[in-house]
Amino acid sequence: EPGRVALTFDDGPTPLTLRYLEVLHGLGVRATFFVVGELCAAHPELVRAIAAGGHELAGHGYTHRPFTTLSRAELADELARTRALLPWSAGRRELVRPPYGSVSVASLLTCAREGFTTAFWSLNSGDWRSQEASEVERTFARQTARAGEIVLLHEGQSWTMNALPTIVGTLKRAGHELVTVGELLA
């Protein structure tokens with residue numbers, strides 16, 4: 001049955017970020033961007049552009065190293081350094097997505113202790129496996145997105161960007177409202 005679905009983009013900001021934002025704007029859709037701290041530090045203008053587009057920003061590690069390979073202190077440092085680069089708004093749930101979805105009990109506890117809600121995904125577009133927009137689009141034709149779904153996509157890939165109009169069209173035709181992860185969890 002139709003409901004709210006969140007589109008998420010990992011691994012940015014990238015040289016294609018502004019074009020992704022144009023496509024999303026044209027489709028009238030807001031999304032959640034799980035960004036890498038060191039890329040944000042290098043491109044603060046892209047972080048500002050994502051925020052200006054009304055999108056949600058959340059951390060995806062500072063160095064994109066798996067959280068399971070970091071000590072508690074290293075992980076807390078990565079979380080804090082990335083948080084410092086993102087716009088802050090009162091009352092907003094702070095989200096983090098572990099690189100590669102790789103977690104341990106210790107890393108989950110550290111994220112929680114540092115004030116973060118760990119956000120995974122429930123529908124994997126598989127867009128990292130293929131370089132064909134049609135292949136990414138087919139994922140959404142094959143499996144029906146359900147209400148409450150969090151969709152995993154990646155930034156910096158022209159094929160993912162080119163598949164967005166079809167993906168969004170498929171989700172909207174199914175009656176879904178596209179929201180940010182924060183809105184989904186509210």
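Colleague: Which residues are buried in helix α1 (residues 17-27)?
Modeller: Thr-17, Tyr-20, Leu-21 and Leu-24. They share one side of α1, because they cover an arc of only 100° around the axis. Buried is under 20% relative accessible area, exposed over 50%, partly exposed in between (1.4 Å probe, protein chains only). The arc uses directions from the helix axis to the C-beta atoms.

Colleague: Is this a predicted model or not, and what is filtered?
Modeller: Predicted: local features need pLDDT of at least 70 and side-chain atom pairs 80 or more, while totals for chains, interfaces and linings use all residues. Numbering runs from 1 along each chain as its sequence is written, and side-chain values use heavy atoms, without hydrogens or water.

Colleague: What covers the buried residues of α1?
Modeller: Among others, β1 (4-12), α3 (44-52) and α7 (158-173), by contact, meaning heavy atoms within 4.5 Å. Helices (H or I, at least four residues) and strands (E, at least two) are DSSP runs, numbered from the N terminus.

Colleague: And which exposed residues sit on the face turned away?
Modeller: Glu-22 and Gly-26.

Colleague: New topic. How many aromatic pairs?
Modeller: Phe, Tyr and Trp rings (six-membered for Trp) pair with centres within 6.5 Å; planes under 30 degrees apart are stacked, over 60 edge-to-face, the rest tilted. That gives 3 pairs. Phe-9 and Tyr-20 are edge-to-face, 5.5 Å centre to centre with 85° between the planes. Phe-9 is in strand β1 and Tyr-20 in helix α1, 11 residues apart.

Colleague: Are those two buried or exposed?
Modeller: Both Phe-9 and Tyr-20 are buried. Ring pairs also link Phe-9 and Tyr-20 with Phe-33 into a cluster.
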